[in-house]
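Work through the exercises below with the sequence and coordinates open. Try each task before reading its solution.

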Amino acid sequence: MSCYNEFVRVPIVAANWKMHQTLAQAQNFVERFRPLVRGVKSTEIVLAPPFTALAATQEALRGSQIRLAAQNMHYAEQGAYTGEISPPMLCELGCEYVILGHSERRAQFGEGDALINRKLQSAYAHELISILCVGENLDQREAGETEQILARQLDTDLEGLSAEQIGRLVIAYEPIWAIGTGRTASPQDAQAGARFIRGQIAARYGGRAAQALRVQYGGSVKPGNAAVLLAQPDIDGALVGGASLDPQEFAQIVRATAT
Ligand code: PEP
């Protein structure tokens, strides 16, 4: 039972395609996916294609309720940052969301919390909604450090943000040991992580921000486990990797949250 669940939050289910889907594959996905979620209004649906497929995906989504996200961005508006993409470039392509601090970016590309904080600040400045990923690895979980790790990530990632800004944020609780491994957190563990995050927000920014904040669970979400995970009181949706590459599977996950 959560103390904050009397507030109605719109569930949000996002597809993180990572480095998958060519232009043609992205267009084909949207063509097959749109009819499967037609009429779903009670859940926000977000697709995060690779940068190269953003424009084509946006074009294919025209006239639908499905929103567009980027998987990453630089914090600067422009400049000598070879290979990077700026917030205005994403806005120009119709992105409303940006995934920040994904564990793959933290582990494989050396992104630390201070950098993630700069990106978050910049996303707010450009009116992009951030989906901030946080989570512990297996060693940390087994050492009983999950809450400590989450608290430390939130400390720096959210530094300088206002309560009003936090209320517009989406935080994805993604235990790293559950990402792409087929090993899902139990609904109790997923709820415990989400509840802890909401509690931290309440302690730092107050009850209103904590009630408005949407917390997703991410880590091997599939059609078969989505409903029970998404029924947890502090879980407001899912960030989906592998299963989001299949229109049928992703639509089933979306429908698991839709009322
Ligand atoms: C992710 O990459 O954010 C993710 C949750 O991946 P998967 O669903 O494949 O575990």
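**Exercise 1. Decide whether phenylalanine 29 and phenylalanine 33 are buried or exposed, then place them.**

Step 1. Phenylalanine 29 and phenylalanine 33 are both buried. Buried means under 20% relative accessible area, exposed over 50%, and partly exposed in between, with a 1.4 Å probe and protein chains only.

Step 2. Both residues belong to helix H1 (residues 23-37). They are 4 residues apart, about one turn of the helix. Helices (H or I, at least four residues) and strands (E, at least two) are DSSP runs, numbered from the N terminus.

A note on the source: this is a predicted model, where local features need pLDDT of at least 70, side-chain atom pairs count only at pLDDT 80 or more, and totals for chains, interfaces and linings use all residues. Residues are numbered from 1 along each chain as its sequence is written, and side-chain values use heavy atoms, leaving out hydrogens and water.

**Exercise 2. Find how many aromatic pairs the whole structure holds.**

Step 1. The search returns 4 aromatic pairs. Rings of Phe, Tyr and Trp (its six-membered ring) pair if their centres lie within 6.5 Å; planes under 30 degrees apart are stacked, over 60 edge-to-face, and the rest tilted.

Step 2. One of them joins phenylalanine 29 and phenylalanine 33. The centres are 5.2 Å apart, the planes meet at 35°, and the pair is tilted.

Step 3. Ring pairs also build a cluster: Trp17, Phe29, Phe33 and Phe250.

**Exercise 3. Locate the arginines that sit over rings.**

Step 1. Apply the criterion: NZ of Lys or CZ of Arg within 6 Å of the ring centre and within 35 degrees of the ring normal.

Step 2. Arginine 105 lies over the face of phenylalanine 109, 4.2 Å from the ring centre.

Step 3. Arginine 118 has its charged end over the ring of tyrosine 75, 3.9 Å from the centre.

**Exercise 4. Describe the shell around the ligand.**

Step 1. The ligand is surrounded by 14 residues (a heavy atom within 4 Å). The closest are Lys18, Glu174, Gly180, Ser220 and Gly241.

Step 2. Look for polar contacts, pairs of N or O atoms within 3.5 Å; within protein, one must be able to donate a hydrogen and the other to accept it, and residues adjacent in sequence count only if both atoms are side-chain atoms. A ligand oxygen is 2.7 Å from an N or O atom in the side chain of glutamate 174. A ligand oxygen is also 2.7 Å from a polar backbone atom of serine 220.

Step 3. Check the cover. The protein covers 97% of the 290 Å² of accessible area that the ligand has on its own (Shrake-Rupley method, 1.4 Å probe).
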